[in-house]
Amino acid sequence: MNHSLKEPVGPAGELEYQGLLVQARRYDGPEGQIQRVCLHKGAAAVLALWQGKICLVRQYRYAQGRECLEIPAGKLDPGEDPRQTARRELLEETGLEAGRIILLAALCSSPDALAETLYLYWAQDLRQAQARPDEGEFLDNLSLTPAELDQLMRQGELQDAKTLAALEIARRRGLL
C-alpha cells in the first residue's frame, strides 16, 4: 500500500472556541466531511515512589463529575520543557523534589479528537520540601503501596488513564 491516509484539509482550520486550556478547530475536507479537533497545550504527569508508596492526589474533575485518584500532573506553560512541568507539579502537589526525572512515555490519549501530548515521568532521588498548590486548586494528597493500587484497579476504582499507563510502564521497566 502506497497511498496517503491523510484527508486533505485546510492548513489551520477555523477557530470555533478559545478557552483557557483548549481551543476547538473545525477542518473541512474536500468532499464535505467535517472534523473537529480540540487542541490542548500539553501536560506532564509524574509517578513518584516515596518510602515504598506511590504519591497520588485526589481531586474533583468536572468532566467526570466526581473525585478522581491520579498521579500529580499539570499543563505545560508556554515554552516550558515537559520535564520542568513534571518537577513543578510534583513539588506543588506533593511537596517532593526530584533529583532526577526520567521519561516513561509521551502519549496521545485520544488522537481522533484531541491534539494533546501527555508526558509521563518517573521521579527518582526524592527529598521532602514544602507543597505549594496553585491558588484555587483543591486536592488531597495520599500515598498507597503498589499492592493497594492493584486492589483499586481490580475493583475498578482507579480509572485515570495517565495513572494506569504510568504504573504499567514503570512495572514493565522494573521500576516498581
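**Briefing: cysteines, cores and a buried arginine**

The structure holds zero disulfides (pairs of cysteine sulfur atoms within 2.5 Å). This is a predicted model, in which local features need pLDDT of at least 70 and side-chain atom pairs count only at pLDDT 80 or more, while totals for chains, interfaces and linings use all residues. Residues are numbered from 1 along each chain as its sequence is written, and side-chain values use heavy atoms, with hydrogens and water left out.

**Cysteines**
- Cys68 forms no disulfide because its sulfur is 17 Å from the closest cysteine sulfur, in Cys38.
- Cys68 is buried (under 20% relative accessible area, 1.4 Å probe, protein chains only), at 8% relative accessibility.
- The sulfur of Cys108 also has its closest cysteine sulfur in Cys38, at 13 Å, too far for a bond.

**Nonpolar cores**
- The largest nonpolar core (buried Ala, Val, Leu, Ile, Met, Phe, Trp, Tyr and Cys residues joined through side-chain atoms within 4.5 Å) has 19 residues, of which Leu47, Leu56 and Leu149 touch the most other members.
- Apart from this core lies another of 13 residues, including Val46, Leu76, Leu96 and Ala123.
- Beyond neighbours within four places in sequence, Leu56 has contacts (heavy atoms within 4.5 Å) that include Leu69, Ile71, Leu142, Leu149 and Thr163.

**Arg25**
- Arg25 is buried but has no salt bridge (a side-chain nitrogen of Lys or Arg within 4 Å of a carboxyl oxygen of Asp or Glu).
- The nearest side chain of opposite charge to Arg25 is Glu14, 8.6 Å away.
- The side chain of Arg25 reaches the backbone oxygen of Gly13 at 2.8 Å.

Note on methods: Buried < 20%, exposed > 50% of the residue type's maximum accessible area, 1.4 Å probe, protein only. Lys, Arg positive; Asp, Glu negative; His and termini not counted. Polar contact = N/O pair within 3.5 Å; in protein donor to acceptor, adjacent residues only side chain to side chain.
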